Each structure stands twice: as structure tokens, then as C-alpha cells.
Amino acid sequence: MDILETIIANKRREVARQKEVVPLDFMLSAGERRLNAPVYSMRRSLEASQSCIIAEFKRRSPSKGWLYPRAKVDDIVPAYEAGGASACSILTDSDFFGGSFGDLRRARMLVGLPLLRKDFIIDAYQLYQARVMGADAVLLIAASLTKSECKDFAAIAHQLGMETLLEVHKEEELSYLNEYVDMLGVNNRNLGTFYTDISNSFRMIEVMKAEAGEGSDAPLPVSESGISDINMIKQLRDAGFRGFLMGEIFMKTEDPGRTLSGFIDKLNN
């Protein structure tokens, strides 16, 4: 069993327990105010941004271990906003990434940035969870879904007012594209092995353009994982990417917000 299979098997057990403890009807009733709250468009924020950086809040990863075990949303996410992030990705998986639902709820209370719930979505229940917690967008990973699940989940996300970021790693997964996908992300990290290769984005971009089209109606291209320097972002931007999901480069430092701010200053000069 590879790493992704291990995570998904664990996620199925986790979500089954959550549904028993907090049934959907109860969650929707308790979260009614949040369900009716306005959302922030992650896509529009990226389109209007110079840096196009989606700054990630995560404490650990399966491949690197703990990055910042005592990281607090209160210290980091507002600093990301002040430092120029276009959006923020919040890991809510606890067992493998050290995240929590509380992280996303707290971030929503503190910032006006678009917030992406980054988790392994395998059940529609998690979409309602995301909206109640304050997410503006959700990640849908092609490698962990069937095509019909991907389309159904993306449609539900839209019904709830959220945007969708479809994550692919290889050409065959572009067949998961559907009319409810707002952003199309290339993960440079193989979720089976967690090996990272930034050249995957450059290999995929032309095929993405051919499959998804270009222009205002096409999903916004996003490069994810392994992005570590200014020149890399400039090359990815020249290739056609308009979003850059970055986490470890910031979270492995003592002051992620300041690191992000310095990075953006150099990027824009």
C-alpha cells in the first residue's frame, strides 16, 4: 500500500466516525449562520494578484515529518495576509499533516483571504464540513476519486458557494475535468511515493491548455509543491501558471509570515 492509499483508507474510517458523532442534519443546523456567510473568490484573488501565491499553513508532512509542530494560526495566517499572500491553504488532516478543523475555523475568524480547505475529500459530507468551517474553496484530488465522484463533489461545492481546485499529477487525470472546476492544479509531488519533481508542471502545462483551453472560461492553472525560489516562479508564470501553492519553504522557518513577505518583495522587484 502506497502513502496515498494509506491516507485514504484512514480518511474513510475518520469520516465514518465523524458522521456518527455529528450527523449531517445536525451539522447543517448548527452551522446555518456560516452556511449563509459570504465567500471570497480564490480564483479572482489569484487573477488580480502580482505574486499569485497560495501560502500554506501546515505543521507536518508524511515525507518531511514535523516542520513546525507548535505553529499557531493566530501567529501565521494573519502574517501571511499582511505579507501579500493571495490566498491561504489550511491543512485540516490531523493524522498525517498535524492540522485540525479548528485551524480553518480560526483562520476564517482572523483574515479576509480566500481560504482553501486542503484535505483528502472522499465523501460529500466533507464539503458541507468545509463550508461550515469557513472554506471558500476545496481541493479535489483526482487520484483519490472516481470521475463521477469528482463531478458530483465539484457540483455540490458550487451549490454551497465554494470554488474547486482539481489536483492532477499525470495526463490521464485531465479526464476528470468538468464544468465545475475553477482551478486546475498540477501536483509536482507524487502522492504515492511523495517524490517531488517540479518539472512535472512544465510537462503538464501544454497538455492542460489543450484539454482545458485557455482564456477566461478555462480553469486557472496552479502549480503545487516543490516551489522554492523566485526564478522557478517566473519560469512557471512564463509557462502559463497563475497560482503557486507553497508551504514548506515558509513553514520550516521561525517566522513564516516574514519569510513570505521577503519572498514576495524579491519576486516583485
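**Contacts, salt bridges and helix packing in the predicted model**

Leaving aside neighbours within four places in sequence, Met 183 is in contact (heavy atoms within 4.5 Å) with Met 42, Arg 43, Leu 46, Ala 137, Glu 163, Thr 164, Leu 165, Leu 166, Pro 219, Leu 220 and Val 222. This is a predicted model, in which local features need pLDDT of at least 70 and side-chain atom pairs count only at pLDDT 80 or more, while totals for chains, interfaces and linings use all residues. Residues are numbered from 1 along each chain as its sequence is written, and side-chain values use heavy atoms, with hydrogens and water left out.

Met 183 has its place in strand 8 (residues 183–187); helices (H or I, at least four residues) and strands (E, at least two) are DSSP runs, numbered from the N terminus. With a relative accessibility of 0%, Met 183 counts as buried, a term that means under 20% relative accessible area, with exposed set at over 50% and partly exposed in between (1.4 Å probe, protein chains only). One of its partners, Thr 164, lies 19 residues from Met 183 in sequence and 6.3 Å away in space, C-alpha to C-alpha. A second buried residue is Glu 14, at a relative accessible area of 12%. Glu 14 belongs to helix 1 and touches Asp 93 and Asp 95, not counting residues up to four places away in sequence.

Turning to charged pairs, the model has 18 salt bridges, each defined as a side-chain nitrogen of Lys or Arg within 4 Å of a carboxyl oxygen of Asp or Glu. One of them joins the side chains of Lys 11 and Asp 119, at 2.8 Å from N to O. This pair links distant parts of the chain, 108 residues apart: Lys 11 sits in helix 1 (residues 3–21), and Asp 119 in the loop between strand 5 (115–118) and helix 7 (125–133). Both Lys 11 and Asp 119 are buried.

Glu 56 and Lys 118 form another salt bridge, with their closest N and O atoms 3.1 Å apart. Here strand 1 (residues 53–57), which holds Glu 56, is linked to strand 5, which holds Lys 118, across 62 residues of sequence. Glu 56 is buried at 2% relative accessible area, and Lys 118 also counts as buried, at 13% relative accessibility. The two residues take part in a network of salt bridges that links Glu 56, Lys 58, Lys 64, Lys 118, Arg 189 and Glu 248.

A further salt bridge connects Arg 108 with Asp 136, where the closest N and O atoms are 2.6 Å apart. Arg 108 lies in helix 6 (residues 101–110) and Asp 136 in the loop between helix 7 and strand 6 (137–141), so placed that the pair links distant parts of the chain, 28 residues apart. Arg 108 and Asp 136 are both buried.Helix packing comes next. Axes are lines fitted to C-alpha atoms, for helices over the stretch in contact, and angles run from 0 to 180 degrees between N-to-C directions. The axes of helix 5 (residues 73–83) and helix 12 (residues 256–268) come within 8 Å and cross at roughly 15°. Helix 5 is therefore roughly parallel to helix 12; angles under 35 degrees count as roughly parallel, over 145 as roughly antiparallel, 65 to 115 as roughly perpendicular and the rest as oblique. Helix 5 contributes Ile 76, Ala 79, Tyr 80 and Gly 83 to the contact, and helix 12 contributes Pro 256, Gly 257, Leu 260, Ser 261 and Ile 264. By class, this contact of helix 5 with helix 12 has 6 nonpolar, 3 polar and no charged residues, where Ala, Val, Leu, Ile, Met, Phe, Trp, Tyr, Cys and Pro count as nonpolar, Asp, Glu, Lys and Arg as charged, and the others, Gly among them, as polar.

Helix 10 (residues 230–239) and helix 9 (residues 199–212) pack at an angle of about 20°, with their axes 10 Å apart, and are therefore roughly parallel to each other. On the helix 9 side, Ser 201, Phe 202, Ile 205, Glu 206 and Lys 209 meet Gln 235, Leu 236 and Ala 239 of helix 10. The residues of this contact divide into 4 nonpolar, 2 polar and 2 charged.

Helix 10 also packs with helix 12, at an angle of about 55° and with the axes 10 Å apart; these two helices are therefore oblique to each other. Ile 230, Ile 233, Lys 234 and Arg 237 of helix 10 make the contact with Phe 263, Lys 266 and Leu 267 of helix 12. This contact of helix 10 with helix 12 has 4 nonpolar, no polar and 3 charged residues.
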